[in-house]
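Let's take a walk through this one, going from one bound ligand to the other. Keep the viewer open as you read.

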Amino acid sequence: MLNIKGMITPIALGLIFGLFLSVVPVSSVSAADQGTVAWGGKLYDKWFKIAGSARPKGTHVAWPASNTKKKGSATHRCKACHGWDTMGKDGAYASGSYQTGIVGVRKYDGENPADVVAILKDNTHGFADLMAEKDLTALGVFVTSGQVDMDKSIDRASKKFIGDVAQGKQYYVTMCTNCHGVDGKLPKDMPEPLGKLSNKNPWEIMHKIQNGTPGEEMPALRALPIQVTADVGAYLQTLPE
Ligand code: HEC
Ligand code: HEC
């Protein structure tokens, strides 16, 4: 005879174990050291500025001949082929001067960093001799646990941050003015004012606020709630261009 009472405990245990299985991998992914993730994020940008290797000469082997707008070291940055939004041809680089038709790296979100390291050493990428193992690993950690879904923080059509301008101002005046000045035009050697860049390329802004800027004293805010970055971004978009 089937004993209903006797089955309750195994079912309950099964449920608890099932929950455990579904929760643990997620939490272990988000437990990646945020400093390592941010370092990987900076390497995703101009890795040759901080990885101790020389600025690459010539155009990257995987850069398609169809794109004649960019050449040289610019084509060696991860972001050049895969986008600031990490969505490649399905994101902001679907068109414009960085249009290549290359896929994004979204598929590796939540995957194993070692799989990404293996990709970075393949013939398409050829990074094995250009970066130390710890840097390749940091890139793997960034790709597998540091990507953010930027469409949740930036409206793609209007390019506007989905954030609270007044709140963002309070973050800006306490965390950013020391280096960037009240109107976002410092330091002097910055390519363009933050007001201009934020409206032109909010995805680049988001990446840099989250991870910092390679070789600069800029902090990385990724350990704070993502909404902080969205609010700061929204405020930057009100600064003079
Ligand atoms: C010059 C262009 C270029 C650069 C620079 C580049 N990649 Fe790629 N990457 C590619 C191409 C092309 C593919 C697709 C390869 C294939 O399908 O075999 C790819 C694939 C990938 C994939 C697998 C994506 C998938 O969905 O299968 C990952 C992860 C990746 N790259 C990470 C990086 C990282 C991290 C960097 C920087 C260190 C980088 N790539 C730099 C061109 C580039
Ligand atoms: C300790 C100084 C410092 C602080 C604090 C700081 N930054 Fe920066 N930031 C820099 C430097 C230096 C650069 C690089 C400027 C350059 O390229 O010449 C930079 C670059 C940037 C860039 C990229 C600009 C570009 O054109 O590439 C953005 C975006 C940015 N900062 C936003 C912020 C925001 C928002 C805050 C506050 C949350 C902040 N920064 C706090 C020093 C700082």
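How far is an oxygen atom of ligand 2 from an N or O atom in the side chain of Asp189? The distance is 2.8 Å. Keep in mind as you look at it that this is a predicted model.

Stay with ligand 2 for a while. Asp189 isn't its sole polar partner: Lys208 has a polar side-chain atom 2.7 Å from an oxygen atom of the ligand, and an N or O atom in the side chain of His180 lies 2.8 Å from one of the ligand's nitrogen atoms. Zoom out a little and you'll see that ligand 2 occupies the largest pocket. Two or more residues of the shell come from each of helix 8 (177-180), helix 9 (194-200) and helix 10 (202-211). Helix 10 is the top contributor, giving 4 residues.

In total, 21 residues surround ligand 2, and the nearest are Cys176, Cys179, His180, Lys208 and Met218. Sorted by class, that shell has 14 nonpolar, 5 charged and 2 polar residues.

Now for the metal. Which residues coordinate the iron atom of ligand 2? They are His180, through NE2, and Met218, through SD, at 1.9 to 2.1 Å. These two sit in distant parts of the chain, 38 residues apart: His180 belongs to helix 8, while Met218 is in the loop between helix 10 and helix 11 (226-236). As for the geometry, the iron site has 6 donor atoms with angles of 87 to 179° among them, and it is octahedral.

Next, swing over to ligand 1, which sits in the second largest pocket. Here the elements that supply two or more shell residues are helix 4 (78-82), helix 5 (113-120) and helix 6 (133-145). Helix 4 provides the largest share, with 3 residues.

What about polar contacts at this ligand? Two histidines are worth clicking on. The side chain of His82 places a polar atom 2.8 Å from a nitrogen atom of ligand 1. For His125, an N or O atom of the side chain is likewise 2.8 Å from a nitrogen atom of the ligand. Both histidines are also among the closest residues, along with Cys78, Cys81 and Leu120, in a surrounding set of 21.

How does the shell around ligand 1 split by class? It has 12 nonpolar, 7 polar and 2 charged residues.

Technical notes. Residues numbered from 1 in each chain as written. Chains lettered and ligands numbered in written order. Predicted model: local features only at pLDDT ≥ 70, side-chain atom pairs only at ≥ 80, totals over all residues. Heavy atoms only, no water. Near = heavy atom within 4 Å. Polar contact = N/O pair within 3.5 Å; in protein donor to acceptor, adjacent residues only side chain to side chain. 1 Å grid on protein atoms, 1.4 Å probe; cavity = no way out; pocket = protein on both sides within 12 Å on 5 of 7 lines; lining within 4 Å. Sits in = over half its atoms within 2 Å of the grid points. Nonpolar A, V, L, I, M, F, W, Y, C, P; charged D, E, K, R; others polar. Donors = N, O, S within 2.8 Å, 3.2 Å for Na, K, Ca; no water. Tetrahedral: all angles 85-135°; square planar, octahedral: opposite > 155°, others 65-115°.
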